[in-house]
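Grab a coffee and open the viewer. Here are a few short exercises, each with a worked solution.

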Amino acid sequence: MNINEVENLTGLTAKSIRLYEEIGLINVAGDKDNNYTEEDVKTLKYIRLYRFIGFSIDEIYAFDKIAAKYNIKKETSHNDEDISDLDNKYKKKFAEILDN
């Protein structure tokens, strides 16, 4: 999909999307104006959420690299119970990482 579609789906500006590409939070293959995937959109939505709740770009970058290293997958939640379950899951996973 093209960058205009991604803007509409994520609520991010093209300038922000390009910044996230430049720093490596998303990797668009080929034609950078017309080659965004559903996974890119999903990642950008997470980035927007993390920015909204106050994470810096550096913190998001670090979290993304830790998640990739330890194979922590992005998941979506639709209610408070799901969010609580994910919160507990990630707290446990990060505790395991820090203990090693």
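Before we start, one cut-off: a residue is buried under 20% relative accessible area, exposed over 50%, and partly exposed in between. And keep in mind that this is a predicted model.

**Exercise 1. Work out which elements the chain has and where the model is most and least confident.**

Step 1: Count the elements. The chain has five helices and zero strands, so to speak an α-α-α-α-α run from the N terminus on.

Step 2: Look at the confidence of the whole chain. The mean pLDDT is 80, and 72% of the residues reach 70 or more.

Step 3: Go helix by helix. Confidence is highest in helix α2 (residues 14-22), at a mean of 94, and lowest in helix α5 (residues 80-99), at 63.

Step 4: Decide how to read this. Where pLDDT is low, the predicted coordinates should not be read in detail. With that in mind, take care with helix α5, where the mean is 63.

**Exercise 2. Describe the chain's burial, surface and contacts in numbers.**

Step 1: Start with burial. Of the 100 residues in the chain, 26% are buried.

Step 2: Turn to the surface. The accessible area of the chain comes to about 7000 Å², and carbon and sulfur atoms hold 51% of that.

Step 3: Check the contacts. Among those with a separation of 6 or more, 49% join residues 24 or more positions apart.

**Exercise 3. Place F55: is the residue buried, partly exposed or exposed, and what surface patch does it belong to?**

Step 1: Locate the residue. F55 sits in the loop between α3 (38-52) and α4 (57-69).

Step 2: Apply the cut-off. The relative accessible area of F55 is 36%, so the residue is partly exposed.

Step 3: Find its patch partners. Together with L49, F52 and I53, F55 makes a nonpolar surface patch of about 450 Å².

**Exercise 4. Trace the aromatic cluster and classify the ring pairs around Y50.**

Step 1: Count the pairs. The structure holds three aromatic pairs. A pair of aromatic rings is described by the distance of the centres and the angle of the planes, and those are the two numbers to look for next.

Step 2: Take Y46 and Y50. Their ring centres are 6.0 Å apart and the planes stand at 45°, so this pair is tilted. Both residues lie in helix α3, four residues apart, which is about one turn of the helix.

Step 3: Check their burial. Y46 has a relative accessible area of 11% and is buried; Y50, at 17%, counts as buried too.

Step 4: Move on to Y50 and F55. Here the centres are 5.8 Å apart with the planes at 75°, so the pair is edge-to-face.

Step 5: Put the cluster together. Ring pairs link Y46, Y50, F55 and F63.

**Exercise 5. Find the salt bridges and say how accessible each partner is.**

Step 1: Search the whole structure. Two salt bridges turn up.

Step 2: Take the one in helix α2. The side chains of E21 and R18 meet at 3.4 Å, N to O. The two residues are three apart in helix α2, about one turn.

Step 3: Compare these partners with the cut-off. E21 counts as buried at 13% relative accessibility, while R18 counts as partly exposed at 29%.

Step 4: Do the same for the other bridge. K65 pairs with D64, with the closest N and O atoms 3.9 Å apart. K65, at 37% relative accessibility, is partly exposed, whereas D64, at 18%, is buried.

**Exercise 6. Find out what the loop residue N35 touches, and how N2 and T37 sit relative to one another.**

Step 1: Locate N35. This residue is in the loop between α2 and α3, and is partly exposed with a relative accessible area of 34%.

Step 2: List its contacts. Leaving out residues up to four places away in sequence, N35 touches M1, V28, A29, G30 and D40.

Step 3: Focus on M1. N35 and M1 are 34 residues apart along the chain, yet their C-alpha atoms are separated by 5.5 Å.

Step 4: Add N2, which lies in the segment before α1 (3-10). N2 is partly exposed, at 24%. Its C-alpha atom is 9.2 Å from that of T37, a residue 35 positions away along the chain.

Definitions and conventions. Residues are numbered from 1 along each chain as its sequence is written. Side-chain values use heavy atoms; hydrogens and water are left out. Buried means under 20% relative accessible area, exposed over 50%, partly exposed in between (1.4 Å probe, protein chains only). Contact means heavy atoms within 4.5 Å. Accessible areas come from the Shrake-Rupley method with a 1.4 Å probe; for residues, only the protein chains shown count as cover. Patches are made of residues with over 30% relative accessible area and no salt bridge: like charges are joined within 9 Å, nonpolar side chains (Val, Leu, Ile, Met, Phe, Trp, Tyr) within 5 Å. A salt bridge is a side-chain nitrogen of Lys or Arg within 4 Å of a carboxyl oxygen of Asp or Glu. pLDDT is the predictor's confidence in each residue, from 0 to 100. Rings of Phe, Tyr and Trp (its six-membered ring) pair if their centres lie within 6.5 Å; planes under 30 degrees apart count as stacked, over 60 as edge-to-face and the rest as tilted.
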